Protein chains: 2
Amino acid sequence: MSAIVVGHKNPDTDSIVSAIAVADFMSKRGVTAVPYAQGKVPPETAFVLERFGFAAPALLPSVAGQKLILVDHSDRGQAPEDLDKAELLGIVDHHKLGDITTSSPLFFWAQPVGCTCTVIKGMYDFYGIEIPRNIAGIMLCAILSDTLIFKSPTTTDEDRKAVQTLARIAGVEDYAALGMEMFVVKSAVAGVPGRELLFRDYKDFEMNGKKVGVGQLEVVDLGLLDGVKDDLRKAVQEAKAEGRHTVMLLLTDIMKEGSELLLCSDDAELGKKVFTTADTWLPGVMSRKKDVVPKLEAAFK
Amino acid sequence: MSAIVVGHKNPDTDSIVSAIAVADFMSKRGVTAVPYAQGKVPPETAFVLERFGFAAPALLPSVAGQKLILVDHSDRGQAPEDLDKAELLGIVDHHKLGDITTSSPLFFWAQPVGCTCTVIKGMYDFYGIEIPRNIAGIMLCAILSDTLIFKSPTTTDEDRKAVQTLARIAGVEDYAALGMEMFVVKSAVAGVPGRELLFRDYKDFEMNGKKVGVGQLEVVDLGLLDGVKDDLRKAVQEAKAEGRHTVMLLLTDIMKEGSELLLCSDDAELGKKVFTTADTWLPGVMSRKKDVVPKLEAAFK
């Protein structure tokens, strides 16, 4: 029995690393599993994989007729197109519960923590399976990435504990420094087309029948985006024109701990409704999942 | 913080016991929680609760504005009517993944095992929380009930291991004898109206836009049902006439290891399509979840 493990579209570090880690975990549980990616890995992820000696997972082939495990999402919009033709063995996630359903029982590991890799750390522990040194290294980076080095409001004690243990296993002495290195790589956006930056970490949601997209770019200093901001605005407008009700891009400054909002919507009042301010600088808004999507969904109800 | 824990409609032993056990588990994790039931407990469950000194959980009030944990289901059809007005903290289940979605991250513990209580056993273990003796007793009974004392094809090694450990904690020496006692109580159907028996362990499914109901009665000897079979047939026909495309009742003989099928459907060929026989005795068919629902869903596709 062999299975495919894959994260969401527009993969981020957590999605890629979770696929690699769960494939390792499953193999040790007696199910041969291979990690794949639904898209090119972003620069931050490439840095992380290279640091710990992994190649980027291959692009996902058709999953029809395959055994499948999904990581870091549980909604159809983020899942492989031919999901219904696969046999879904399980899901590992840390997001809100999505709209995927199955005809047979499956495993589902989810916790309201900052990163899927924190959940996976618990899975290894539950079965008493040792985490390999290099897998611990990339899992550590995924947690630092998803929690913005613990600055995101999604961060929990479980994430902090997992980072401590994983850093020890991976032999990383200063994980905060490794996290900053990672975010400096992520912040290097000069010369990258606005459209590519918008879709790098981007999710489409179905909200009350309307298609709503939310992207996020996390940088160590918003000033780094000055040269590409016009391009980003244009990319947001274009994405909106492609049949979406709303497109939002959060430019998150992880040092200043807040986000600048680029917004294009059929509802001119939407920004004010969601954030109770017409200002485009949103102090404290760090997490799409915690600070934005629930409020956005409430505004669409 | 206090939360409501509740299982599915037409509660069975697993649904009631899981609510009680998860409420205990949550309380030990710092979240005061109270178990409720979506209906009167059936005789088997009453026997189990009395044996280990528990009162039946109160009938579920409105969950609007409440923190909520669902056990033994993840689909709206089985959930409280005002689910959308509650804050869903988590789900513990062992069925196929249903259509419930959330706006915020939650915990989700599910495994493809024979009983939700087997999953709950793992939750206690994961956090190193001791299972109280009387809770272990009712969890043991729930697993014996759901797995038909390990005769159901849904039974896994995890269920068997959980039963061994729980029996030890509960001080039950002969768990198989306790299981048989339980099924003899369940088999006492004389004088109970057919409609009540049909809906005692009954689930409505949405299959390709059609409402399909499947009930199951598990007895130690089908002969015990001779006196009520006409009544059961009438109840199936009536339930069908109330706006359902199909109603199926499985009369399961746990000693002979098979089920007799009572079926009423808009599709006269449905029984044959699903079970590839026109015979009403179905050898080996023991589990609604494993032997019936997936094939039924395939037939409706």
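## A turn after helix 3

Just after helix 3 of chain A, A:G128 adopts a positive phi of about 65 degrees. That is a handy place to start a walk through this predicted model, since the helix before it has plenty to show.

Helix 3 of chain A covers residues 116-126 and is mostly covered, with 9 of its 11 residues buried. Those buried residues are A:T116, A:C117, A:T118, A:V119, A:I120, A:K121, A:G122, A:M123 and A:Y124. What do the buried residues of helix 3 of chain A pack against? Within chain A, their partners are helix 1 (13-28), strand 5 (87-93), strand 6, helix 4 (133-146) and helix 5 (157-170), and from the other chain helix 3 (116-126) of chain B joins in.

## Nonpolar cores

The largest nonpolar core holds 118 residues, and A:M139 and B:M139 are the members that touch the most others. Leaving aside residues up to four places away in sequence, A:M139 touches A:V17, A:A21, A:C117, A:I120, A:K121, A:Y124, A:I131 and A:L166. Several names here will be familiar from helix 3 of chain A: A:C117, A:I120, A:K121 and A:Y124 are among its buried residues.

There is also a second, separate core of 33 residues, and its members include A:L83, A:F108, B:L60 and B:L70.

## How the two chains relate

Chain B superposes on chain A through a rotation of 180 degrees, with 0.0 Å of shift along the axis and an RMSD of 0.0 Å. This is the relation of a two-fold axis. The copies meet through the same surface, because 100% of the interface residues of chain B are also interface residues in chain A.

## Strand 6, where the chains pair

Strand 6 (residues 107-110) of chain A runs antiparallel to strand 6 of chain B, and 3 bridges join them. Which residue of chain B stands opposite A:W109? The answer is its namesake, B:W109.

In a regular strand, side chains alternate between the two faces of the sheet. On strand 6 of chain B, B:F107 and B:W109 point one way while B:F108 and B:A110 point the other way. Are these four residues buried or exposed? All are buried.

Strand 6 of chain B also has a partner within its own chain: strand 5 (residues 87-93) of chain B pairs with it in the parallel sense over 4 bridges. In that pairing, B:I91 has B:F108 as its bridge partner.

## Helices 1 and 2 of chain B

Helix 1 (residues 13-28) of chain B packs with helix 2 (residues 43-51) of chain B at an angle of about 35 degrees, and their axes lie 9 Å apart. From helix 1 of chain B come B:T13, B:I16 and B:I20, which meet B:E44, B:T45, B:V48 and B:L49 of helix 2 of chain B. Sorted by class, this contact has 4 nonpolar, 2 polar and 1 charged residues.

## The five-stranded sheet of chain A

Chain A has an open sheet of 5 strands in the order 7-8-9-10-11, with mixed pairing. Its edge strands are strand 7 (202-207) and strand 11 (281-283) of chain A, each of which pairs on one side only. On average, neighbouring strands are turned by 25 degrees against each other, direction ignored.

Strand 7 of chain A runs antiparallel to strand 8 (residues 210-219) of chain A, with 6 bridges between them. Here A:F205 stands opposite A:V212. Helix 8 (residues 229-241) of chain A packs on the sheet by touching strand 8, strand 9 (246-253) and strand 10 (258-265) of chain A, and its direction makes about 40 degrees with that of strand 10 of chain A. Helix 10 (residues 288-300) of chain A packs on the sheet too, touching strand 7, strand 8 and strand 9 of chain A, and its direction makes about 160 degrees with that of strand 8 of chain A.

## The sheet of chain B

In chain B, an open sheet of 5 strands has the order 7-8-9-10-11, again with mixed pairing. Strand 7 (202-207) and strand 11 (281-283) of chain B are its edges, and the twist averages 25 degrees from one strand to the next.

At the edge formed by strand 11 of chain B, 3 bridges join it to strand 10 (residues 258-265) of chain B in an antiparallel arrangement. B:E260 has B:W281 as its bridge partner there. Helix 8 (residues 229-241) of chain B lies across strand 8 (210-219), strand 9 (246-253) and strand 10 of chain B, while helix 10 (residues 288-300) of chain B lies across strand 7, strand 8 and strand 9 of chain B.

Technical notes:
Residues are numbered from 1 along each chain as its sequence is written. Chains are lettered from A and ligands numbered from 1 in the order in which they are written. This is a predicted model: local features need pLDDT of at least 70, side-chain atom pairs count only at pLDDT 80 or more; totals for chains, interfaces and linings use all residues. Side-chain values use heavy atoms; hydrogens and water are left out. Buried means under 20% relative accessible area, exposed over 50%, partly exposed in between (1.4 Å probe, protein chains only). Helices (H or I, at least four residues) and strands (E, at least two) are DSSP runs, numbered from the N terminus. Two strands pair if DSSP finds at least two bridges between them. Axes are lines fitted to C-alpha atoms, for helices over the stretch in contact, and angles run from 0 to 180 degrees between N-to-C directions. Contact means heavy atoms within 4.5 Å. Copies are superposed by least squares on the C-alpha atoms of residues with pLDDT of at least 70 in both. A nonpolar core is a set of buried Ala, Val, Leu, Ile, Met, Phe, Trp, Tyr and Cys residues joined through side-chain atoms within 4.5 Å. Ala, Val, Leu, Ile, Met, Phe, Trp, Tyr, Cys and Pro count as nonpolar, Asp, Glu, Lys and Arg as charged, and the others, Gly among them, as polar.
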